[in-house]
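Reader: Hey, got a minute to go through this one with me? I'd like to talk about how the chains meet.

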Protein chains: 2
Amino acid sequence: MSSITVLLVDDHLVVRSGLRALLGTQPDLEVVAEASTGEEALRLVRTHVPAVVVMDLAMGPGMDGIEAIKRIRDLNTGQAILVFTTYDSDADIVRAVDSGAMGYLLKDAAPEEIFAALRGAVQGRSVMSPPVASRLFQQLRNPDEVLTPREAELLSLLTEGLSNRELGRRLFISEATVKTHLAHIYAKLGVDTRAAAIATAIRREGMR
Amino acid sequence: MSSITVLLVDDHLVVRSGLRALLGTQPDLEVVAEASTGEEALRLVRTHVPAVVVMDLAMGPGMDGIEAIKRIRDLNTGQAILVFTTYDSDADIVRAVDSGAMGYLLKDAAPEEIFAALRGAVQGRSVMSPPVASRLFQQLRNPDEVLTPREAELLSLLTEGLSNRELGRRLFISEATVKTHLAHIYAKLGVDTRAAAIATAIRREGMR
DNA sequence: AGCCGTATCAGCCAAAAGGCTGAGGGACCA
DNA sequence: TGGTCCCTCAGCCTTTTGGCTGATACGGCT
């Protein structure tokens, strides 16, 4: 049985080392490359064509994880992409799934969980950490409170303190549209000011 | 020359694995134990008496990193404690130094940086990542940017999403006074909207 | 006594945000 | 084909926020 080739993407060297060490204990898993930025990840996917990409969502300046996932999917080189990150934020989960991630693991996952996710991913199975799964489950029961991908994207930028004008520029939409999205977000979060939205987003969604 | 014994404390297994793998490349550094919680760390310090403790500040439920550092120091068993964490928040740095940490490294530090910090720590030298050092340095140069107690109080409430009116009521001051305080806070934080203030407060000052 | 930092307040004006209604286009699905 | 989301945009009006200037009061330090 041939090995499952893996590309690791994380801006922290220790995390990459740790994953490499963990995966190294499994004969069928082989780390063929590591990237510390989204740009590098994209390049290495082209050159190495790994079976699976394990990706952190939070990365330094430049392309973020979500963007990197989209770009990799656009290459159509068949990678299964696993998100491997610290926070189980609603918005991040929605966006990650929307952009084509096959699974969503938290960094405190047990090794067996990680191995299983990798093996499942190449077979087309979605795997996620229990906390992530339960969040999604709860969301299915209250669909009215689920942010759409676009709303989640906007909320994420909102927590960086941008104004409506800046949000519009960043997302290439008019300020009017920004306000529409915000109104929907407020309704779903149960708040009525952007300050409260930011506060609840960061506290409740685990954003930083 | 005998090895430097190290205890790793981090709630993420991958990070511990990564550190173990990195430190394993150095003949004079020996990881003698790993802990995933503050309580466990305290126990292992007693039983293994390591020369250095490498500690993440953010840990799951229970004792946090700062508390763990204080407790370890209280044992008086002579450990040098190195903080190894993701964020260079002003509040965290101050609190870590205050509770007796010997150094402050960010997780994206280069391996050589980590090794040097460990070796320096056992010799009583303080080491910190450049970004951390520059933050401290900047604070020393610009005492103007330190919030007054009243401002800090207001900022804390601000991060809960309150409006000016609500802030006034909560603090028993007029809305005009609230606005004055806010203006000062904005100036000190280097922002010009409350949204940005909330964002930087939560991210940079470690408020949650 | 004078100075400085902190905390308190007011008024004025411009900019930003929020609430509301309405509306068009595209995707998906029954 | 019609219905339902989602994303997009506009206009109008009210409230909130932010920028500015200036003012009083108290405490501590020199």
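Author: Sure. One term up front: a polar contact here is a pair of N or O atoms within 3.5 Å, and within protein one must be able to donate a hydrogen and the other to accept it. Also keep in mind that this is a predicted model.

Reader: Ok, so how many residue pairs in polar contact does the rule find across the interface of chain B and chain A?

Author: Zero, counting pairs with both residues at pLDDT 80 or more. The rule finds zero salt bridges across that interface too.

Reader: Huh. Which helices of chain B supply the side that touches chain A?

Author: α1 (13-24) and α10 (194-204) of chain B each give at least two residues. The largest share, eight residues, comes from α1(B). By class, that side of chain B has 14 nonpolar, seven polar and seven charged residues.

Reader: And how much area do chain B and chain A bury between them?

Author: About 2300 Å², with 71% of it on carbon and sulfur atoms. The contact takes 28 residues from chain B and 28 from chain A.

Reader: Switching to the helices: at what angle do α1(A) and α1(B) pack?

Author: About 90°, with their axes 7 Å apart. Angles of 65 to 115 degrees count as roughly perpendicular, so α1(A) and α1(B) are roughly perpendicular to each other.

Reader: Which residues make that contact?

Author: Among them are A:Leu13, A:Val14, A:Gly18 and A:Leu22 of α1(A), and B:Leu13, B:Val14, B:Gly18 and B:Leu22 of α1(B).

Reader: How many charged residues in the contact of α1(A) with α1(B)?

Author: None; by class there are 12 nonpolar and four polar residues.

How values were computed. Residues are numbered from 1 along each chain as its sequence is written. Chains are lettered from A and ligands numbered from 1 in the order in which they are written. This is a predicted model: local features need pLDDT of at least 70, side-chain atom pairs count only at pLDDT 80 or more; totals for chains, interfaces and linings use all residues. Side-chain values use heavy atoms; hydrogens and water are left out. Contact means heavy atoms within 4.5 Å. Buried area is the accessible area (1.4 Å probe) that two parts lose on being put together, summed over both. A salt bridge is a side-chain nitrogen of Lys or Arg within 4 Å of a carboxyl oxygen of Asp or Glu. A polar contact is a pair of N or O atoms within 3.5 Å; within protein, one must be able to donate a hydrogen and the other to accept it, and residues adjacent in sequence count only if both atoms are side-chain atoms. Helices (H or I, at least four residues) and strands (E, at least two) are DSSP runs, numbered from the N terminus. Ala, Val, Leu, Ile, Met, Phe, Trp, Tyr, Cys and Pro count as nonpolar, Asp, Glu, Lys and Arg as charged, and the others, Gly among them, as polar. Axes are lines fitted to C-alpha atoms, for helices over the stretch in contact, and angles run from 0 to 180 degrees between N-to-C directions. Angles under 35 degrees count as roughly parallel, over 145 as roughly antiparallel, 65 to 115 as roughly perpendicular and the rest as oblique.
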